[in-house]
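Okay, thanks for making time, everyone. I'll put the chain up on the screen and then walk you through it.

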Amino acid sequence: MFTLKPIAVCISMLTIAPAAQAQAPQLGQPIAPADITPWDISIGPDGAGLPPGRGTAIEGEAIYVAKCQACHGEKGERPKVALAGALVGGIGTLAPDKTPIKTVGSFWPYATTLFDYVRRAMPFQDTKSLTADEVYAVSAYILHLNGIIGPNDVIDAHSLPEVRMPNRDGFIPFPRNPK
C-alpha cells in the first residue's frame with residue numbers, strides 16, 4: 001500500500017540537510033601563535049630550529065646515567081626495558097647478508113634526528129623536561145658511544161648538523177614536491 005509518509009520524510013531531509021551543513025560545528029577555539037610555539041619544536045636534517053646551547057660527551061655521561069640508563073642500560077647497549085631499544089652498536093649490520101641491528105649509530109641518517117627525538121620524547125616518564133644543554137650533552141654522549149664523535153667534541157646548533165652519521169647515504173631521498 002502506498003503512503004505519503006516516505007515521501008514526506010525524504011522532502012524533510014532534503015530541506016533540513018542543506019541548512020544543517022551550512023552551519024559549521026562550533027568545536028574548539030582559534031589558537032594563537034604563542035600557544036603553538038611550545039609544540040613547534042621540530043628539527044630538520046639541516047639543523048633549522050636547533051636552540052642555543054651546547055654539550056659534550058663527558059658532560060652527557062652523568063645525565064645519561066641519571067635519566068636514561070634505567071631504560072636503555074649501561075652505555076646504551078643492553079636495554080633494561082624491551083621497548084627502549086639499544087642506542088649503540090650495529091654499525092655495519094645493515095647489509096643483505098647480516099641481521100640488521102638498528103641503533104642510533106647504525107641506522108639513523110642525521111644526528112639532528114637524535115636531538116629532536118631526545119628533546120621531545122625523553123626521558124619517557126618526564127618528556128620535554130631536559131634543558132637544551134642537557135639534550136646536546138646526552139646526544140653527544142650517545143654519538144660518542146657509537147664512535148662518531150670524540151669525548152671532548154662540543155655539540156651545538158652549528159656542529160650537530162655537521163656530524164656525518166654512518167648511514168647518511170643509506171636512504172633514498174623522497175622528493176616532497178615532485179615536478
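**Walking through the chain**

So, burial to start with: of the 179 residues in the chain, 31% are buried. Keep in mind that what you're looking at is a predicted model.

What about the overall dimensions? The radius of gyration is 25 Å, while a compact globule of 179 residues would have one near 16 Å. If you lay the C-alpha trace along its principal axes, the chain spans about 85 × 45 × 40 Å. On contacts, take the pairs at least 6 apart in sequence: 57% of those join residues at least 24 apart.

Now the secondary structure. We've got 6 helices and 2 strands, and reading along the sequence the pattern goes α-α-β-α-α-α-α-β.

UniProt, in an unreviewed entry, lists residues 55–146 as "domain: Cytochrome c". Over that stretch the model is 43% helix and 1% strand, and the C-alpha atoms at its two ends sit 16 Å apart.

Okay, helix packing. How do α3 and α6 cross? Helix α3 covers residues 57–67, and its axis comes within 7 Å of the α6 axis, with a crossing angle of roughly 100°. That makes the two helices roughly perpendicular, since anything from 65 to 115 degrees counts as that. On the α3 side, the contact uses Ala57, Glu59, Gly60, Glu61, Ile63, Tyr64 and Lys67. From α6 you get Glu134, Ala137, Val138, Ala140, Tyr141 and His144. Sort those by class and you have 7 nonpolar, 2 polar and 4 charged residues.

Last topic: backbone oddities. As background, most residues other than glycine have a negative phi, and most peptide bonds are trans. So which residues here have a positive phi without being glycine? Lys75 is one of them, at about 60°, and Lys128 is another, also at about 60°. Lys75 is in the loop between α4 (69–72) and α5, whereas Lys128 is in the loop between α5 and α6.

Are these two buried or exposed? Neither, really: the buried class stops under 20% and the exposed class starts over 50%, so Lys75, with a relative accessible area of 34%, is partly exposed. Lys128 is at 33%, so that one counts as partly exposed too.

And where's the cis peptide bond? It joins Met122 and Pro123, with omega about -15°. Pro123 belongs to the loop that runs between α5 (111–121) and α6 (132–145), and Lys128 lies in the loop between those helices as well.

Terms used: Residues numbered from 1 in each chain as written. Predicted model: local features only at pLDDT ≥ 70, side-chain atom pairs only at ≥ 80, totals over all residues. Heavy atoms only, no water. Helix = DSSP H or I, 4+ residues; strand = E, 2+ residues; numbered from the N terminus. Buried < 20%, exposed > 50% of the residue type's maximum accessible area, 1.4 Å probe, protein only. UniProt positions renumbered as here; feature names shortened; annotations may be inferred. Axes fitted to C-alpha atoms, helices over the stretch in contact; angles between N-to-C directions. Parallel < 35°, antiparallel > 145°, perpendicular 65-115°, else oblique. Contact = heavy atoms within 4.5 Å. Nonpolar A, V, L, I, M, F, W, Y, C, P; charged D, E, K, R; others polar. Rg over C-alpha atoms; globule rule 2.2 N^0.38 Å.
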